[in-house]
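Q: Could you take me through one part of this model in detail, namely how its chains meet? I'd like a close look at the interfaces, with the residues and helices behind them.

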Amino acid sequence: MGSPFDINGGACVAMVGKDCVAIACDLRLGMQALTISNNFPKIFNYAPSTYLGLTGLATDVNTVSDLFRYKVNMYRLREERHISPSDPGQPGQLIVPFICGFDSIGCIDFAKDFIVSGTASDQLFGTCEGLWEPDLGPEDLFETISQALLSAVDRDALSGWGAQVYIIEKDKVTQRLLKGRQD
Amino acid sequence: MDHFPGTWGRPRNDVYGAYDPSYLQSTGPKTHTTSPAVTGTSVVGVKFNGGVVLATDNLASYGSLARFTDTKRLRVFGNQAVVGFGGDVSDMQYMDRLLESMDIRENYSSHGNMLNAKNLHTYLSKVFYKRRSEFNPLWNHVLVAGFDGEGKPFLSSADLLGTTFSAPHLATGFGAHLAVPILRRLFPEEKPIEEISREDAVDALKQCLKVLFYRDARSLDKYSIAVITKDGIDLKEDEQLEGQSWAFAERIKGYGAQAV
Amino acid sequence: MTSLMDHQARETVGYSFSESTAGVKQHGFYPYTDNGGSTLGITGSDFAILAGDTRSTSGYNINSRMVPKVFKIGGDDETGEGATIVLSVVGFAADGNALKERLDTVVKMYKYQHGKPMSVSACAQRLSTILYQKRFFPYYVHAILAGLDEEGKGALYSYDPVGSYEREQCRAAGAAASLIMPFLDNQVNFKNQYIPGSGEGHALAAKKPEPLPLETVKGLVRDAFTSAVERHIEVGDNLQMVIITKDGIEEVYHPLKKD
């Protein structure tokens, strides 16, 4: 049997823009080469403008997202405020675009540009490094992250089957569903 | 009198038990050609204005045993090329014989030996590649130094797989880890080799050999060095590393049974 | 005589140190290595570009910063002058060189015997045969062949190590192929790009790929490599770009990051 990281497949990417961030994932859930579902989103919402993308073994994606929801709920009840993406100790902090990534044992990657994960991570590194540029507005950032994700998952047999994109701005979040190749 | 010569010179069975024949492989493919026995360590080389310097130490190891301490691992070919051998010493001697016979053959021809270091490197890399393709490799990594067809300094590497590459400074084995960074710092790649003097190149190689002697456990402080210029080859085979300082060794702590 | 018979009994010898119970100790000889690097080819209506980085690696060591991977095939002399076909090889460099030299010889022999240069399509088929001849001890390389076809259009053929081949518009190979290829799909073949306002749902029209101008392609090649250098440790040092047009073959080098 293969590595737990590439049994179910899936890809996720986040990007920083000008006064906005974007996070996107594919929708496939598989068992090795067999596709089980084309509606398995890997991005979870924990507070206004706080999103978490999880890739890897699907059972662990579910476990971690649920466990994290529990912890975030407990945090909100105790602190009487929402959790924020970066520093947990500062209420009313300056709102700035922020993304970061983690490996499976908790090493943090504070990136200024983009974060990729999943079975299409090599492909995503290539497309993001080629397409991303600094200070993209919300619409341009949406186009960039969508093209980067769709082109990357089309070169990965274990990812694809549509995508979900969130554009997070100061006062609004836009969610879009992308069709993508169905093979 | 023991009438069975097969048992002569062997530990007695009644004392030491019977010989364990599992050490002798009797089935499967021939494997003795697929691992080196007596080996030489790093070869280092650098180009300078008007020539190339090549250096090795004089040690041939048998595993971790310093078996032969006066092994000449720089071999001269013709009058303008030198080959530095790392890896198996018997394979080196075989290749040296190949080169010797080629030199003699060429010298008997009407034009004399016109083969330069570049030709020699091409030949050696093809010998290596042929032997690796037959699964009977010559277990060496060599540096070839001299001049190319246009009379420019030439330094190139070839290994047991037939892989070849050239650069202004090269090193094999441990030298690839320890000597190349020193050479790259002393002679940055953007600095043209015309600005490197013979003295600087020789001093740099001596410094590399010293660092290798400090840290490579299969190395020796006796070395050979060859300077190849248009005027010919200046080969010294019985040199001694000078100016060693082992002061740094006192500060190394935390290994083995040492109580810090 | 009994003492000799004992040999067959295979008694265990009582050494003071523990014996390994494993079979024969052997240091296996593996005839391949990976020398890293990446190559890339793109064609246009009247040109073809083959590019590769010039780094040679073994493991984490950089062997040299200047080992070209793109070769002129069937030239009149050592410099490749007069050639019309270009080959790039990435993977095991020794096999790459052997393959290059065999194809070079074949194309030269063809010219001597037939009195005309070999066409790219014929050369492409021949290269496939050469690779397949070593089906059970393959040349461990990903080859890309480029030139101009009989109509003067850019022609590009890509190969797997055992000779499967296909004519394509663009192809990336080597260590960073997985990074570069999806970028090329998007920027050369316009994959996942649609014509804005052309309709909703299935009526939305995909942007049709069309041959790109030379300067655009040169830009894409450089972007692809600067991106690959950023994220792949085996790619770097210099970019070798070989451009084939009806006027001949132009070869240019650009510096890449050396870290």
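A: What follows goes through the chain contacts one pair at a time.

Keep in mind that this is a predicted model. Two pairs of chains are in contact, and chains B and C share the most contacts. Chain A and chain B, on the other hand, have no contact joining them, and their closest C-alpha atoms are 28 Å apart.

Let's start with B and C. Here 35 residues of chain B are in contact with 35 residues of chain C. Together the two chains bury about 2,900 Å², with 57% of that on carbon and sulfur atoms. On the chain B side, the residues that lose the most area to chain C are B:Tyr129, B:Arg132 and B:Leu161, yet together they make up 18% of what that side buries.

As for the polar side of things, there are four salt bridges between chain B and chain C. One of them pairs C:Arg65 with B:Glu189, where the closest N and O atoms are 3.7 Å apart. The count of residue pairs in polar contact between these chains, both at pLDDT 80 or more, is seven. Several elements of chain B supply at least two residues each to the side touching chain C: helix 1 (13-16), helix 3 (117-133), strand 10 (164-166) and helix 4 (174-186). Helix 3 of chain B provides the largest share, five residues. Sorted by class, that side of chain B has 15 nonpolar, 13 polar and seven charged residues.

Now over to C and A. In this pair, 16 residues of chain C are in contact with 17 residues of chain A. They bury about 1,400 Å² between them, 51% of it on carbon and sulfur atoms. Within chain C, C:Pro182, C:Asn192 and C:Arg231 lose the most area to chain A, and together they account for 39% of what that side buries.

Chain C and chain A have two salt bridges between them. One of these links C:Asp185 to A:Arg155, with the closest N and O atoms 2.7 Å apart. Across this interface there are also seven residue pairs in polar contact, both residues at pLDDT 80 or more. On the chain C side, the elements giving two or more residues are helix 4 (177-187) and helix 5 (214-231). Helix 4 of chain C gives the most, with eight residues. By class, the side of chain C that touches chain A comes out at four nonpolar, seven polar and five charged residues.

Key: Residues numbered from 1 in each chain as written. Chains lettered and ligands numbered in written order. Predicted model: local features only at pLDDT ≥ 70, side-chain atom pairs only at ≥ 80, totals over all residues. Heavy atoms only, no water. Contact = heavy atoms within 4.5 Å. Buried area = accessible area lost by both parts, 1.4 Å probe. Salt bridge = Lys/Arg side-chain N within 4 Å of Asp/Glu carboxyl O. Polar contact = N/O pair within 3.5 Å; in protein donor to acceptor, adjacent residues only side chain to side chain. Helix = DSSP H or I, 4+ residues; strand = E, 2+ residues; numbered from the N terminus. Nonpolar A, V, L, I, M, F, W, Y, C, P; charged D, E, K, R; others polar.
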